[in-house]
Amino acid sequence: MDDEPAYSQLLEEIHRRYGFDFRDYARSSLRRRLVNAMHDEQLPDLRALRELVARSPEAMERLLRALTVNVTSMFRDPEMYLGFRNEVVPTLRSYPFTRIWHAGCSTGEEVYSLAIVLHEEGLYDRCRIYATDMNEFVLRAATEAVYPLPVLEAHAEDYRLAGGTAALSDYYGSRYGYGIVHHWLRRNIVFAHHNLVTDGSFNEFHVILCRNVMIYFNRRLQDRVHGLLFGSLRRFGTLVLGLKESLVGTVHERDYDAVDPRLKLYRRRA
Ligand SMILES: C[S@@+](CC[C@H](N)C(=O)[O-])C[C@H]1O[C@@H](n2cnc3c(N)ncnc32)[C@H](O)[C@@H]1O
């Protein structure tokens with residue numbers, strides 16, 4: 001494309017000035033988002049977007065929101081949670097304590113969904129959950145744990161399909177059209193800022209979920225992030241990817257056994 005230099009210069013500017021490294025994100029979807037952001041800012045081209053971002057941290061904040069895809073929901077892909085109950089929970093029962101990392105947790109629904117599963121399996125009190133994202137805006141929402149009631153209610157069936165044994169509404173209180181996740185379900189969860197591209201490992205985990213994050217990365221970056229996840233996972237620890245993602249063809253393909261390849265549940269080899 002003829003605006004290729006402007007595209008690269010914009011990504012370089014964002015990296016140099018703000019430390020966000022989008023250079024190895026998958027091109028077509030990132031370019032689409034940049035062009036949409038350019039139109040939203042009523043700018044003629046990517047060069048003008050670079051100039052705006054260079055002088056305005058507020059514009060950078062808006063751009064960051066436009067560039068990261070934050071779509072998530074309670075019990076997204078319920079079959080994965082059911083598989084987790086059946087295939088992973090028995091292993092977790094043998095640990096005195098379990099550390100879990102949700103990498104790219106967005107607004108927190110995935111984290112609270114797993115917390116509910118762990119509670120119902122009698123494991124929550126033995127777990128510490130670290131949930132991270134590069135986007136401060138979604139992290140704030142995740143920490144607040146307040147969601148519109150109709151949205152929560154729309155996922156009651158997914159909760160049931162995930163093997164839920166109570167009612168999803170047992171896990172939140174309702175007020176003025178919103179549901180707030182009960183405090184007791186939040187107390188073992190730490191939300192923190194972490195960028196998978198630029199930050200390193202910060203602990204050793206028994207379970208890592210990194211779902212629907214690496215689909216936005218190119219192969220080189222996927223390999224790098226897989227290196228980070230592999231290095232952060234204990235021997236025989238569980239890795240959970242998104243249903244559209246795969247270990248096949250990545251550098252660490254041979255370092256895991258598939259617990260359930262359809263559900264993208266993998267166990268790290270010794
Ligand atoms: C589509 S959401 C997935 C949320 C959740 N894991 C799920 O599957 O429902 C992708 C999340 O990854 C985050 N993300 C993208 N690039 C990241 C990076 N380099 N480091 C950490 N998080 C990142 C985005 O901010 C976004 O919240």
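Modeller: Before the ligand shell is read, the classes need fixing: Ala, Val, Leu, Ile, Met, Phe, Trp, Tyr, Cys and Pro count as nonpolar, Asp, Glu, Lys and Arg as charged, and the others, Gly among them, as polar. The model shown here is predicted.

Biologist: How do the residues of the shell around the ligand divide into nonpolar, polar and charged?

Modeller: With those classes, the shell has 8 nonpolar, 9 polar and 4 charged residues.

Biologist: Which of the 21 residues around the ligand come nearest?

Modeller: T68, T72, G104, S106 and L196 come nearest to the ligand. Keep S106 in mind for later.

Biologist: Now the chain as a whole. What radius of gyration would a compact globule with 270 residues have, and what does the chain have?

Modeller: The general idea is to set the chain against a rule for compact globules. For 270 residues the rule gives a value near 18 Å, and the chain has 19 Å, which agrees. Along the principal axes, the C-alpha atoms fill a box of roughly 55 × 50 × 30 Å.

Biologist: How many helices and strands does the secondary structure come to?

Modeller: There are 11 helices and 10 strands in the chain.

Biologist: What percentage of the residues of the chain count as buried?

Modeller: A residue is buried if 20 or more other C-beta atoms lie within 10 Å of its own, and exposed if 12 or fewer do. Of the 270 residues, 36% count as buried. As for contacts with a separation of 6 or more, 76% of them join residues that are 24 or more positions apart.

Biologist: Next, a helix. Where do the buried residues of helix 11 fall, seen down its axis?

Modeller: The general idea comes first. An α-helix has 3.6 residues a turn, so residues three or four places apart point the same way. In this structure, helix 11 runs over residues 219-231. The span from its first C-alpha to its last is 18 Å, close to the 18 Å expected for its 13 residues. Its buried residues are Q222, V225, H226 and L229. Seen down the axis, these buried residues fall within an arc of 110°, so they line one face of the helix.

Biologist: What covers the buried residues of helix 11, and which residues are exposed on the other side?

Modeller: The cover includes strand 7 (205-210) and strand 8 (233-241). R220 and G231 are exposed on the other side of helix 11.

Biologist: Take helix 7 as a second case. Which are its buried residues?

Modeller: In helix 7, residues 136-144, they are V138, L139 and A142. They cover an arc of only 105° around the axis, which puts them on the same side of helix 7. They pack against helix 6, strand 2 (127-133) and strand 6 (189-193). E136 and R140 are exposed on the other side.

Biologist: What phi does A145 take, just after helix 7?

Modeller: A145 has a positive phi of about 60°.

Biologist: Which phi does S106 have, although it is not a glycine?

Modeller: S106, one of the residues that come nearest to the ligand, has a positive phi of about 50°. S106 is in the loop between strand 1 (98-103) and helix 6 (109-120). With 24 other C-beta atoms within 10 Å, S106 is buried. K264 is not a glycine either, and its phi is positive at about 60°. The place of K264 is the loop between strand 9 (256-260) and strand 10 (265-268). K264 is buried too, with 22 other C-beta atoms within 10 Å.

Biologist: Finally, helix 10 (residues 183-186). Does W184 count as buried or exposed?

Modeller: W184, in helix 10, has 12 C-beta neighbours inside 10 Å and counts as exposed. H183, also in helix 10, has 9 such neighbours and counts as exposed. The C-alpha atoms of H183 and Y172 are 8.8 Å apart, with the residues 11 apart along the chain. W184 and P44 are 140 residues apart along the chain, and their C-alpha atoms are separated by 50 Å.

Biologist: And M60, what does it count as?

Modeller: M60 lies in helix 4 (residues 57-67). With 18 C-beta neighbours inside 10 Å, M60 counts as partly exposed. Leaving aside neighbours within four places in sequence, M60 is in contact with Y18 and V53.

Notes
Residues are numbered from 1 along each chain as its sequence is written. This is a predicted model: local features need pLDDT of at least 70, side-chain atom pairs count only at pLDDT 80 or more; totals for chains, interfaces and linings use all residues. A residue is near a molecule or strand if its C-beta atom, placed from the backbone, lies within 6 Å of it. Helices (H or I, at least four residues) and strands (E, at least two) are DSSP runs, numbered from the N terminus. The expected span of a helix is 1.5 Å times one less than its number of residues. The arc is that of the directions from the helix axis to the C-beta atoms. Two residues are in contact if their C-beta atoms, placed from the backbone, lie within 7 Å. The radius of gyration is taken over C-alpha atoms; the globule rule is 2.2 Å times the number of residues to the power 0.38.
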